[in-house]
Each structure stands twice: as structure tokens, then as C-alpha cells.
Amino acid sequence: MPWQFTAAVSAVVIACILGVSLLRLWQWRDAGPAIAGLLGARYVEPGRCTPSERRLLNVVEEMAIASRVAVPPVYLLDGAHGVNALVAGYQPDEAVIIATAGLLTDLSREELQGVIGHEFSHILNGDMALNVRLAGLLAGLSWLGERGEAWVYQVGERMRREAAEDRGLEILVALFGALLAFVGFPGTLAAEAIKAAISRSREFLADAAAVQFTRDADGIAGALDTLLARHLSTTVGAASARMFSHMFFAPVVASWWKFPTHPPLEERIRRVYPRFARADYRAKRHGVQHEIAVLDDAGNVVRTIS
């Protein structure tokens, strides 16, 4: 293969990566509302909200006072039943909080305080702006693979509604999309590895700051443990969720490759609250009783200790 052809293809690929990254950064000049719109989140109006949404707004106001930050607007992902949240923006006074519906329904008020305190730490420590810029810069690397996957999914949806004799061209488009996804997979893999390397260490700091803001280590530790105890999902089905996976409170997409953007929940609990009394907390919070069987020499249960 002539070197001129290889050089031309490389130049086109680099131009696409840079072009998409610059375009994303330009589109996200007002990062908070822009990212909320990409995820399909709805602005929560203080005067027209449900009791659970009012509780969320109250907690946000409390954490804003504790961290001495202006109260950010709150957006809600109505169709997302996973327990998750993120903040977006460049400056503390430009931040917005985006929460899932599952965050409101599955966590107690104290646990909700812990999660929101975690997000306010990202605002104060500069993680929020870093994460937005990182998402913009890496958008070019993963764009080709994401476009290919999107075409395959879109064609699949259309083919389900069309008659069998009208599916000829649609199949060709799906095959082309699958080829694009295959070609773009190395870029997607590289982007995920970079996000994981940068974001994992920041989560420990944000968990610790949540304790500082709430003055209650059980809040953040309990929220993390509730995810484990009740086997709650943290995934979000929004099309753009993978692009912002490193910005969420907990893992937001499931991938077969091993580049997790967040540390394991068990490790986060151990780091933020080494003396967390898990059994007592679960008994109080979830009504879970732990029993220890006492056996005699023959292996019979003599008694149980709750």
C-alpha cells in the first residue's frame, strides 16, 4: 500500500478527531444545560414539583449552604430508574445538578444528602470543569464507534416497523454502521481507558468531602451500601450516557471491557468510613436481620444469635 494513501487516511482520521472534539467543546460553551439536554433531563421548577422533587431541592439548598456555593439548577431524568447523579458546568456559579428518578425513590433523605454532597465536592474541587473538558476532548476518539452503533440501533428500530420486502437498503445501512463501529472501536476503548484513569481517584476525594458537608458519614456510606444491599441498578439508558460516564456518581453503563470509571462500592465504603457498622445500618434501614448459628460438636444448631 503506498505511503501516500496511508498518510492521507491518517490525516483524515486526525482531522475528524480534532474536528469533533472542537465542535463538542463549542457546543458545550454553556455546559450544564447543554449536557442536561443531551441526556434528556427535565428542569425541576421549584414552584411546580412533586414532594419527592421538593425534597431533592431542599437537600440541594442545604448542601449549597454547607459548601458555600450558589444553589445550582436541578434537572431530572424522569425515565431513568437507576440510582445516579452528576454535575455539569465550568464554574461553580454555572453548575447544574442532574439526578435520576431512581435517586429520589430508592434513597433515604440522609443517603440523598450524601450523594448530593459528593456532587458538590466535584464542583468545589474543579472535577466538574475537568470532566466536561475531558468529555469534549475524548468525543473525537469515540465518535466513529458511537455513530456506527447509533446507526445500527436506529436501523433496527425502523426494521421492526417495516414489512420484510422493504428491508433491503436498511440492512446495508446496518452493515455499514457495524463496520464503522468496528473501525472506531479502538478509539472508543482508548477514550474509556483515559476516562477511567483520571476519574477513579477523584471519587474517593468526593466521598470524603460529602462527609465534611453533611457531618454524617452514614449518609454517603449508607447510600453506597444501599446500592449493594438492595442490588439497585445505577445504569442510565440515555443515548449520551456513555459520553459522560466518568461524571456520574456510580457506573452508568455496562461494558465487557475492564476499564471501570468508578472504584468498587465496597472499597469506597471502606475508604470513606472504615468503622461503618454495616449489619446495624442494614437492620435499621432495610429491616435485615443477621443471624449467627451456634453448633454443637455433632453439627446441630443449638441456638442463633441475632
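This tour moves through a predicted model, naming at each stop what to select and what is found there.

**The whole chain**

Begin with the full chain displayed as a cartoon. The chain holds 10 helices and 6 strands. Of its 306 residues, 44% count as buried. If the contacts between residues at least 6 apart in sequence are considered, 70% of them join residues at least 24 apart.

**Glu53 in helix 3**

Select residues 51–67, which form helix 3, and pick out Glu53 within this helix. Is Glu53 buried or exposed? Its relative accessibility is 7%, and Glu53 therefore counts as buried, the limit being under 20%. Next, display its surroundings. Leaving aside residues up to four places away in sequence, Glu53 touches Arg42, Val44, Arg48, Leu76 and Leu104.

**Helix 7: Ala178 and Ser201**

Select residues 168–214, the span of helix 7, where Ala178 is found. Ala178 has a relative accessibility of 38% and counts as partly exposed. Which residues does Ala178 touch, once those up to four places away in sequence are set aside? They are Gly148 and Val152. A distance monitor between the C-alpha atoms of Ala178 and Val152 should read 6.4 Å, although 26 residues separate the two in sequence.

Continue to Ser201, which also lies in helix 7. Ser201 is partly exposed, and its relative accessible area is 47%. Add Pro263 to the selection: the C-alpha atoms of Ser201 and Pro263 are separated by 8.0 Å, with their positions 62 residues apart along the chain.

**Two loop residues with positive phi**

Select Arg215, found in the loop between helix 7 and helix 8. Its phi is near 60°, a positive value in a residue other than glycine. At 70% relative accessibility, Arg215 counts as exposed.

Then select His231, whose place is in the loop between helix 8 and helix 9. Here too phi is positive in a residue other than glycine, with a value near 50°. His231 has a relative accessibility of 71% and counts as exposed.

**Helix 5 against helix 8**

Select residues 109–124 as helix 5 and display helix 8 with it; the axes of this pair are 7 Å apart, and the packing angle is about 105°. How are helix 5 and helix 8 oriented to each other? They are roughly perpendicular, because the angle of about 105° falls in the range from 65 to 115 degrees. Show the side chains at the contact. Helix 5 contributes Glu110, Glu111, Gly114, Val115 and His118, while helix 8 contributes Gly219, Ile220, Gly222, Ala223 and Thr226. By class, this contact of helix 5 with helix 8 consists of 3 nonpolar, 5 polar and 2 charged residues.

**Helix 8 against helix 9**

Keep helix 8, residues 217–229, on screen and add helix 9, residues 265–272; their axes come within 9 Å and cross at roughly 160°. That angle makes helix 8 roughly antiparallel to helix 9, since it is over 145 degrees. The crossing in which helix 8 passes helix 9 is left-handed. On the helix 8 side, the contact is made by Ile220, Ala221, Leu224, Asp225, Leu227 and Leu228; on the helix 9 side, by Leu265, Glu266, Arg268, Ile269 and Val272. How many of the residues in the contact of helix 8 with helix 9 are nonpolar, polar and charged? There are 8 nonpolar and 3 charged residues, and no polar ones. Ile220 may be highlighted here, as this residue is listed in the contact with helix 5 and in the contact with helix 9.

**The aromatic cluster**

Finally, display the aromatic rings. The count comes to 4 aromatic pairs. One of them is formed by Tyr273 and Phe276: the ring centres are 5.9 Å apart, the planes make an angle of 55°, and the pair is tilted. Tyr273 has a relative accessible area of 22% and is partly exposed, whereas Phe276, at 11%, is buried. The 20% limit lies between these two values, which is why the two residues are classed as they are. To complete the view, add Tyr281, which ring pairs link into a cluster with Tyr273 and Phe276.

Definitions and conventions. Residues are numbered from 1 along each chain as its sequence is written. This is a predicted model: local features need pLDDT of at least 70, side-chain atom pairs count only at pLDDT 80 or more; totals for chains, interfaces and linings use all residues. Side-chain values use heavy atoms; hydrogens and water are left out. Axes are lines fitted to C-alpha atoms, for helices over the stretch in contact, and angles run from 0 to 180 degrees between N-to-C directions. Helices (H or I, at least four residues) and strands (E, at least two) are DSSP runs, numbered from the N terminus. Angles under 35 degrees count as roughly parallel, over 145 as roughly antiparallel, 65 to 115 as roughly perpendicular and the rest as oblique. A crossing is left-handed if the near helix is turned anticlockwise from the far one by less than a right angle, and right-handed if clockwise. Contact means heavy atoms within 4.5 Å. Ala, Val, Leu, Ile, Met, Phe, Trp, Tyr, Cys and Pro count as nonpolar, Asp, Glu, Lys and Arg as charged, and the others, Gly among them, as polar. Rings of Phe, Tyr and Trp (its six-membered ring) pair if their centres lie within 6.5 Å; planes under 30 degrees apart count as stacked, over 60 as edge-to-face and the rest as tilted. Buried means under 20% relative accessible area, exposed over 50%, partly exposed in between (1.4 Å probe, protein chains only).
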